[in-house]
Amino acid sequence: MGMVWYQTSVILPAVTPPRWVFGPIWGAIYALTTLVAIVWYESAPRNTLFTITAGLFIANATLNVLWSALFFGLQWIMLSFFDCALLTLVTCALFCALFLQVGRWALLILPYIVWTSLATYLTWSIALLNH
């Protein structure tokens, strides 16, 4: 139901990527995030920063799933914008926490930050175009 609404009723900004791009990009982001999570889990010392990082991974996954529910399921565009903005901030915090623990491996999170930043912009634009 949500995809039908999105495809037939939502005015999209001109910079919206084509639909076929989303699957490969999310696949790559999930693969890179999983790789850095494995490296982090196997090598980081079990201390307070480890616990904070684990919480950031959980918050990140929760916000990621919540965006789809808010945007496609409930069609609450503005609330999904705030969720996406928070997701981007949490992903930035996750990058910083990972960088302190696994160094350059954290760079694998950068595509995720770029993509969620774009998603935040697109969600904001969709909210403005469809108010």
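## Helices around a pocket

In this predicted model, five helices, namely α1 (2-9), α2 (19-43), α3, α4 and α5 (110-129), each supply at least two residues of the lining of the largest pocket. The biggest contribution to that lining, six residues, is made by α5. The pocket holds about 450 Å³ of space and is lined by 20 residues, among which Phe22, Trp26, Trp67, Phe72 and Trp115 lie nearest its centre. Sorted by class, the lining consists of 14 nonpolar residues, five polar residues and one charged residue.

The secondary structure of the protein amounts to five helices and zero strands, and the order read along the sequence is accordingly written as α-α-α-α-α. Measures of overall extent, taken along the principal axes of the C-alpha trace, come to about 50 × 25 × 20 Å.

Two helix pairs can be set side by side.

| Helix pair | Angle | Distance between axes |
|---|---|---|
| α3 and α4 | about 155° | 9 Å |
| α2 and α5 | about 140° | 9 Å |

Helix α3 covers residues 48-73 and helix α4 covers residues 77-102. Their angle of about 155° is over 145 degrees, the limit above which a pair counts as roughly antiparallel, and α3 and α4 are therefore described as roughly antiparallel to each other. In passing α4, helix α3 makes a left-handed crossing, and the contact of α3 with α4 has 21 nonpolar residues, six polar residues and one charged residue.

For α2 and α5, the angle of about 140° does not exceed that limit of 145 degrees, and these two helices are therefore oblique to each other. The crossing in which α2 passes α5 is left-handed.

Aromatic contacts add a further view of the structure. A search of the whole structure finds 16 aromatic pairs, and one of them is formed by Trp26 and Tyr112, whose rings meet edge-to-face at 5.9 Å centre to centre, with 80° between the planes. Because Trp26 lies in helix α2 and Tyr112 in helix α5, this pair ties together parts that are 86 residues apart in sequence. Trp26 is also one of the residues that lie nearest the centre of the largest pocket, while α2 and α5, the helices that carry the two rings, pack with their axes 9 Å apart and each supply at least two residues of the pocket lining.

Conventions:
Residues numbered from 1 in each chain as written. Predicted model: local features only at pLDDT ≥ 70, side-chain atom pairs only at ≥ 80, totals over all residues. Heavy atoms only, no water. Axes fitted to C-alpha atoms, helices over the stretch in contact; angles between N-to-C directions. Helix = DSSP H or I, 4+ residues; strand = E, 2+ residues; numbered from the N terminus. Parallel < 35°, antiparallel > 145°, perpendicular 65-115°, else oblique. Left-handed = near helix turned anticlockwise from the far one by under 90°. Nonpolar A, V, L, I, M, F, W, Y, C, P; charged D, E, K, R; others polar. 1 Å grid on protein atoms, 1.4 Å probe; cavity = no way out; pocket = protein on both sides within 12 Å on 5 of 7 lines; lining within 4 Å. Points joined across faces, edges and corners; volume = space filled by probe spheres on them. Phe/Tyr/Trp six-rings, centres within 6.5 Å; stacked < 30°, edge-to-face > 60°.
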